[in-house]
Every structure is written in structure tokens, then in C-alpha cells.
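User: I am new to this structure and would like a close look at one part of it. Please take the parallel sheet, strand by strand, and then show me what lies around it and beyond it.

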Amino acid sequence: LVDFASLADKVVGFSDDGTGVQTADCMKEAMLRCAKLNKIISAHCEVNDLLRGGYIHDGEYCKKHNHKGICSASEYEQIARDCELAKETGCHYHVCHISTKETVELLRQAKKDGLPVSGEVSPHHLILTEENIKDCHPNYKMNPPLRSIEDHAALIQGLNDHTIKVIATDHAPHAREEKDRPIQDAPFGIIGIQHAFPLLYTYLVKKNLVSLETILDALTIGPAHVLRLKGTVDIGDVANLCIVDLDKEFEIREADIQSKSINTPFIGVHCQGQIVANIMNGKLVEMGEL
């Protein structure tokens, strides 16, 4: 708990970032304070007592390779608690990086009940499952972990029926030497900003799993609305636009990554839909200039 009131005019909301709020009393107090200030709580949901040293999804791959798993309940149990607290307090509650089918259903029901809740999903959870992990490579280690095929299908459905209206990359850079360890010892997280759209376009839109309009809305208007930002482009506005060549194909190569970190499982993947330029605050910046 922080001094919410003194920070309120400087932020759009508050987050626990990478550590879930473990007690209902603490989260309720935070929600009560934020509700009075009309601010969002954006939550990383994780029950620490259920982690048990896990580092990948507690599924078939984990069992086959004798690893320690992270169970789905470690995510959705905290979300079930917080949806009840959102109902009680009236606070706008936003769930970060949804990964389980149970979470999708909880969010769907909460929205049907008219609760002020929203949620987001990351590109890697929309594209990969535990079955895509290769050679126990640490670049497949993220938190929450890559889940089952059933969880993946639920995330796609949640995006299509607008239960989930936001795609967020959960961009987590790490130095090469940090990730260059056995999967159980490496830190969680992958980079995701630079190639989010082409990966989503290649794996979801081109495969007719999700429409282009849904992807674009979830990357733009969706997050803007959650954060209570304008999110639209009108005549006379200073331009902030992204220019994409949907027909342009390319390979994700380490040498082309703009981040100082290269921790991604997508190196070597062939994509379609390359971002060729951005207009940022009215200035055209071609990707080659970065």
C-alpha cells in the first residue's frame, strides 16, 4: 500500500507489477482507496504458496522432462478472489497477462455480471503452448508460463468474443549471460515489443484464428480505453501512427533486434506484416533510422 492520493494525479493507475498481492485484506484496502480516486488496479496474479519452486507449466512437458511445474490455480485463484473484491469495492480491476482457461471464464462471468474488470493477454501466450518448448531452452521460460493447448484455445476464444480486449507484450529484457543458464536457474521473461504485430498477424490473422481488426483493436483502442486515454485519431491531432506492409515477409534475426536484449524464442521465425515506419509525435521515423 502506497500513498495513493498523493500519486493519483501523476498516474493512470496502480500495479503490483511482478508480485501478486497475497492477502485479501491488503488488496481490498488498495481497491477501496483506488475506487475513491477513480484509479485502476492492474494486477499480476500469483498465489505464492502454490508456486512450489515451479518454473514451467505443470503439464505434460513438465512431467516428461522431470521439471517443477507452476499450476494454473496459482493464477486463477487470486483472480477469483479479486473479482469478488472488485464487486464489493467498485474498483476497476485489470488482470495482467492472462494464461489459463479458468481465468478467461472468470473474467467472462465477471463482465457478464457488470463488474468493472478487464484483462490482457500476451502475444506469446496466443501463439505458443508448452508443446512448443524446445530443448528446455530458457527463452521459453516466462511468467506466467506457456500453458496447455486447452488454455491456448480459451485465450483465442476470449480474444474473439471480446472477453479479453487488450494484448500487451509483457516485454522483459534480460542480459545474454542471465538467460544463458539451465531453464530452472534462468530468470523469467522474454522481449516482445518489436515483433508483436508481425507475429500476431502471421500466427493468428493469416491462419484465420483471429481477425485483423480484433488484433489491431487489442493493440490500440483496447488498452487506451482501459487506461482511460483517448485512443482514437481525429483530424487535427498530432499523429502517432504505425505503418505496416502486410505483404512484406521477413525473418526475425538476432542482428535486427533493436532491444539491447535478445531473449526471445522467435529468432529464426519467418513472419509477414513488417512494420516499416512510425509517425511519433508528428515525425516520420523509418525503421531503418532507429
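Analyst: What follows starts at the parallel sheet and works outward from there.

This is a predicted model. Begin with the order of the strands. The sheet is open and has 5 strands, in the order β1-β2-β5-β6-β7. Their pairing is parallel. Which strands stand at the edges? They are β1 (13-15) and β7 (166-167). Each has a single partner strand, so one side of each is left without a neighbour in the sheet. Strands of a sheet pair through backbone hydrogen bonds, either parallel or antiparallel.

Now walk in from β1. Its partner is β2, residues 40-43. The two pair in the parallel sense over 3 bridges. Ser15 stands opposite Ser42 in β2. Move on one strand. Here 4 bridges join β2 to β5, and these two also run parallel. Ile41 stands opposite Tyr93 in β5. Next comes the step from β5 to β6, a parallel pair joined by 3 bridges. His94 has Ser118 in β6 as its bridge partner.

Stay with β5 for a moment. In a regular strand the side chains alternate between the two faces of the sheet. In β5, His92 and His94 point one way. Tyr93 and Val95 point the other way. Are these residues buried or exposed? All four named here are buried.

What lies across this part of the sheet? Helix α4, residues 73-89, lies across β5 (92-95) and β6 (117-121). The helix runs at about 165° to β5. Lys87 is found in α4. At 59% relative accessibility, Lys87 counts as exposed. The C-alpha atoms of Lys87 and Phe266 are separated by 40 Å. Along the chain, those two residues are 179 apart.

Go back to the edge strand β1 for its aromatic contact. The structure holds 2 aromatic pairs. One of them joins Phe4 and Phe14. The ring centres are 4.7 Å apart and the planes stand at 75°, so the pair is edge-to-face. Phe4 lies in helix α1 (residues 4-7) and Phe14 in strand β1, so the pair ties together parts that are 10 residues apart in sequence. Phe4 counts as buried, at 6% relative accessibility. Phe14 is buried as well, at 12%.

Phe197 and Tyr201 form another pair. Their ring centres lie 5.7 Å apart with the planes at 20°, so this pair is stacked. Both residues lie in helix α9, residues 196-205. They are 4 residues apart, about one turn of the helix. Phe197 and Tyr201 are both buried.

How much of α9 is covered? The helix is mostly covered, with 9 of its 10 residues buried. Among them are Ala196, Pro198, Leu199 and Val205. The cover over these buried residues includes the edge strand β7 of the parallel sheet. It also includes α6 (123-127), α7 (149-160) and α10 (212-219). Strands β8 (241-251) and β9 (270-280) contribute too.

Those last two strands lead to another sheet. It is open, has 3 strands and follows the order β8-β9-β10. Here the pairing is antiparallel. The edge strands are β8 and β10 (283-286), each pairing on one side only. Neighbouring strands of this sheet are turned by 30° against each other on average, direction ignored. β8 and β9 pair over 8 bridges in the antiparallel sense. Glu249 stands opposite Gln272 in β9. Helix α9 packs on this sheet, touching β8 and β9. Its direction makes about 140° with that of β9.

Two side notes remain. The first concerns a charge and a ring. Lys141 lies over the face of Phe188, at 4.6 Å from the ring centre.

The second concerns the cysteines. How many disulfides are there? The count comes to 0. Take Cys71. Its sulfur is 11 Å from the closest cysteine sulfur, in Cys62, which is too far for a bond. Cys91 is in no disulfide either. The nearest cysteine sulfur to it, that of Cys34, is 5.1 Å away, while the cut-off is 2.5 Å. Both Cys71 and Cys91 are buried, Cys71 with a relative accessible area of 17% and Cys91 with 0%.

How values were computed:
Residues are numbered from 1 along each chain as its sequence is written. This is a predicted model: local features need pLDDT of at least 70, side-chain atom pairs count only at pLDDT 80 or more; totals for chains, interfaces and linings use all residues. Side-chain values use heavy atoms; hydrogens and water are left out. Two strands pair if DSSP finds at least two bridges between them. Contact means heavy atoms within 4.5 Å. Axes are lines fitted to C-alpha atoms, for helices over the stretch in contact, and angles run from 0 to 180 degrees between N-to-C directions. Buried means under 20% relative accessible area, exposed over 50%, partly exposed in between (1.4 Å probe, protein chains only). Rings of Phe, Tyr and Trp (its six-membered ring) pair if their centres lie within 6.5 Å; planes under 30 degrees apart count as stacked, over 60 as edge-to-face and the rest as tilted. A charge sits over a ring if NZ of Lys or CZ of Arg is within 6 Å of the ring centre and within 35 degrees of the ring normal.
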